[in-house]
Every structure is written in structure tokens, then in C-alpha cells.
There are 2 protein chains.
Amino acid sequence: MEYNHKQLAILDAAEQLFASQGFHGTSVRDIAHAADVNIAMISYYFGSKEKLIEAIFLKRIVGWKSVLETVLTDESLTFETRFDKLVETYVGRIFNNPCFNLMMMRAQIQADLGVNDLIHQNKLEVYGIISAFIKSGQEKGVFNEGIDILMMVNTLVGTTNHIMSTRHHFARISGLEHLTDDQLQQHLITHISNHLKNLLKAILIHEA
Amino acid sequence: MEYNHKQLAILDAAEQLFASQGFHGTSVRDIAHAADVNIAMISYYFGSKEKLIEAIFLKRIVGWKSVLETVLTDESLTFETRFDKLVETYVGRIFNNPCFNLMMMRAQIQADLGVNDLIHQNKLEVYGIISAFIKSGQEKGVFNEGIDILMMVNTLVGTTNHIMSTRHHFARISGLEHLTDDQLQQHLITHISNHLKNLLKAILIHEA
DNA sequence: AAAAAATTTAAACGATCGTTTGATTAAATT
DNA sequence: AATTTAATCAAACGATCGTTTAAATTTTTT
């Protein structure tokens, strides 16, 4: 899909509004106003509000799989280093696309929004790639046996998404209210990555 | 607050619908139909749709703090046992009130729904209680020093909430589609609790 | 330059939204 | 038993929803 300037303005505005107010809480008039286009242009380009959110997901859910695969199959790096990069890459990705990931969290709660099959398909592929990586590390004797890989992945995803979606609560609790949004983002990427690397490697690598 | 039979029917129906379709995705007509009451009764009893969701939060966010405090200050139990009970209690609570917790996840994403101050206040209190417990265990030499308690709590909350909100994805990925909802719930409570206990105790108790 | 196609617009469409009205019935109080 | 209060209902309120229309404008093609 190649979108022109106006279509991209609509997609960006919609993503931000859907993230902060939800699909039903956002009107096409809100989107049109934020994107500075006429209301009718949304139907004209995307057909409907439903198809607009599907277009956002389709635009966003590409690429991620290959990035992950590149990181995890780089045999010039040790398994531990690759695992570290997995965590850093995932956490960075979530915090660098907060709006889209809030949209995805909402969509997963909803379970009827049509895009859910797309999300499930993507989750399956990502889980397959990580799972293959861990198992190959186990065969080499680097990672411990008896790891519940699915639970581990859900801890990575769940912890990161939770802190991202409640980052302002988090900032208030840990006295980081004075930071700008960018500073807070960098701080969280670093600290969440370190926390998850320590936590997960404690069961992956250290003695069981 | 003491609610009569009809008011409770409205509160229950609204909680379920808000959880699955969101606040804006649920109409007062939907709620009235599900609760088997006339539409006007919602305004009559609660004033407005906004005040209805606030009533749900107020009704739900009580009691949790004292349950937690009882578990964590029971000095007849070891610190490790109390920590185990903390995890079990939290995970059980999330999975036994899925609708309300989905509502809360949505509300935290939203950040403008008025109930957010209530949620933040509650989070602060819960964090304070857990934090005090961990620190007292550190003083006794049971728990390791240098623990990021806030990150740990966010892993507990984030992992549990994430799996709960995507439990049907989870069931499909791990081949548990044949289970009934109750069976799946029991399976998840057990497995998530064990996973989190192992994971968190690996950094809390084992050599650093 | 003429014709065709694509874009943009204000206005309007019917549907549904949350809420209120005013009449009617049931319950509680005097 | 009379009166007041509370509960219930169908109907209607104005507002906003997503979408469409038809005309005007711009761009592209011939």
C-alpha cells in the first residue's frame, strides 16, 4: 500500500485518537479535524471507519517479524547477547510506537474488531521465532531446560505493555514527574530492559 | 452504598458490557436490555452513564487493600510463604473478576475518565503495602538487597493482566482450546502463579 | 484545448446516542 | 382510607453518529 500525503495524515490522526479515546470514543469528525481534511475524505479513501482501523493495523504489523528474525539468528553473537538484544528491541519498539500499541491492547481486549485474527496470526509467528531461538540455545547447553517459553514471552510482553500504558502512573509513583515525555521514555526503555534481562536470564541461564 | 436488586442488575450488566465493548461501545439501551430494566431506570438510579461507571469502580475498589495487608503481615508464616500467597492471591483476584479488570485496563489507557485518580490512589496504597513487606524481608536477610520493587510489582501485574486479557489467544497458542472457560481459568491461575513465583523468587531469594 | 477522471466540499441522510418528560402504577406514610 | 412518596414505563427530546450525495474544483489524459 502506498499512501499519499492526505491519506497518511488521516492514518496518523486516527492512530493517535483511537489510542487515547478508543475506537468508539473517536468520531470520524474528530479524525478529519485532526488530520485537517474534509469528513467525506475518510469514506472516500478508506471506505469506512472500520476499514480505516484495519488499514492502520495492516500498515503497522509488517516488518516486525523480520527485524526479530535478524536479531535472533545472527550467529556472530552469543546466545546471551542475542537474548539481550531481543529484550531491548522489543521494549524499544513498544515505547517508540505507544499509540499503535495502545490500539493493539484495546483491540485484544475487544475480541470482536475483525483485526483480531491479524493480531493472533502475528503473535503466533513472533512466538514461533522466539521459541525456536530459545530451543536452539537449550540444545547448545546455553539456556536451561524446563523453561516455559510461552510464559516467559508473556512476561516480556505483559510487563512492557503494562508499564507503557500506565507510564504516567509509574512516573508519579517513582517521582519522575519532572521528566519530559522523551526523557521518561528513554529512562523507561533502559530500566525496563535491564529489569527484564536480569529477571528472565535468572531462570534462563543461572543454575536452576 | 447499599444497592437494591435492580440496581445490582444494572451494575453487573454494565460491568460485563463495558469490559467487552468498552464504555463508548456500550449504549445505555444495551445495558438496560441486559439488566432487564427500563432505559430510564439508569438515569433514575445513577444519574448518568458516566456516574454509572464511577459507581462500578467505587463498588469494586474496596476491600482489596485489607486482604493484601492480612496476607502480608501474617507473622505465623515465613516470608517466602507470604510471598507465594501474595502472588496466588493477586492472580486469583484478577482471574476471578475478569470483567472489572478489563474495565480497569481500559480506564488506565484512557487517562481522562475521572476514575483514574481513584485507580492511582489504589495503586499507590497497594504498592506501599508490598514495598513494606519486601523491605521487612530484606531487613531479616530473607530477601536479597538491590531489588527494584516497583519493577517487580509491575511484572506481577503486567504479566497477569496481559494473559488474562488475551487468554483466548493464549489458549489457542498452547492448544487449550478444548477446555471450558472454568477449566481454562483454573489452569491459568495455577500456571501463572507458579511461573511468577519461580521467576520473582529467582531474583528475590536465590544468590544474586 | 477539450474531455475524462480524480479530488474536494458543504449539506443532508437516516440511525442511534444519552437523557428527560409526563403519565401511570406500586409502596410507604399519615 | 387518604395522601405522599417512590418506582416504572412508553414516548419523545435534541445532539451526534457514520455515511452518502451532488455539485464544484483540480488534475490527468487524450
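The paragraphs below lead through the predicted model of two chains, beginning with how the copies are related, then turning to the contact between them and finally to salt bridges. Because this is a predicted model, local features need pLDDT of at least 70 and side-chain atom pairs count only at pLDDT 80 or more, while totals for chains, interfaces and linings use all residues. Residues are numbered from 1 along each chain as its sequence is written, chains are lettered from A in the order in which they are written, and side-chain values use heavy atoms, with hydrogens and water left out.

Chain B is superposed on chain A by a rotation of 180° with 0.0 Å of shift along its axis, at an RMSD of 0.1 Å, where the fit is by least squares on the C-alpha atoms of residues with pLDDT of at least 70 in both copies. The two copies are therefore related as by a two-fold rotation axis. Within chain B, the C-alpha nearest this axis belongs to B:Gly158, at 2.3 Å from it. Both copies use the same surface, since 100% of the contact residues of chain B recur in chain A, contact meaning heavy atoms within 4.5 Å.

The contact itself takes 45 residues from chain B and 45 residues from chain A. About 4,100 Å² is buried between the chains, with carbon and sulfur atoms giving 68% of that area; buried area here is the accessible area (1.4 Å probe) that two parts lose on being put together, summed over both. On the side of chain B, the residues that lose the most area to chain A are B:Ile109, B:Met151 and B:Ile173, together 18% of what that side buries. Between chain B and chain A there are 15 residue pairs in polar contact, both residues being at pLDDT 80 or more, a polar contact being a pair of N or O atoms within 3.5 Å, of which, within protein, one must be able to donate a hydrogen and the other to accept it, with residues adjacent in sequence counting only if both atoms are side-chain atoms. Among the helices of chain B that each supply at least two residues to the side touching chain A are H1 (5–21), H7 (98–110) and H10 (167–173), helices being DSSP runs (H or I, at least four residues) numbered from the N terminus. Helix H9 of chain B gives the most to that side, with 12 residues.

The count of salt bridges between chain B and chain A is 0, although the structure holds 10 over all chains, a salt bridge being a side-chain nitrogen of Lys or Arg within 4 Å of a carboxyl oxygen of Asp or Glu. In one of them, A:Lys201 pairs with A:Glu80, their closest N and O atoms lying 3.0 Å apart; A:Lys201 is in helix H11 (residues 181–204) and A:Glu80 in helix H6 (residues 79–96) of chain A, 121 residues apart. A:Lys201 also meets A:Asp84 in a salt bridge of 2.9 Å, N to O, and because A:Lys201 lies in H11 and A:Asp84 in H6 of chain A, this pair ties together parts that are 117 residues apart in sequence. A:Lys201 and A:Asp84 are both buried, that is, under 20% relative accessible area, where over 50% is exposed and anything in between partly exposed (1.4 Å probe, protein chains only). A:Glu80, at 37% relative accessibility, counts as partly exposed.
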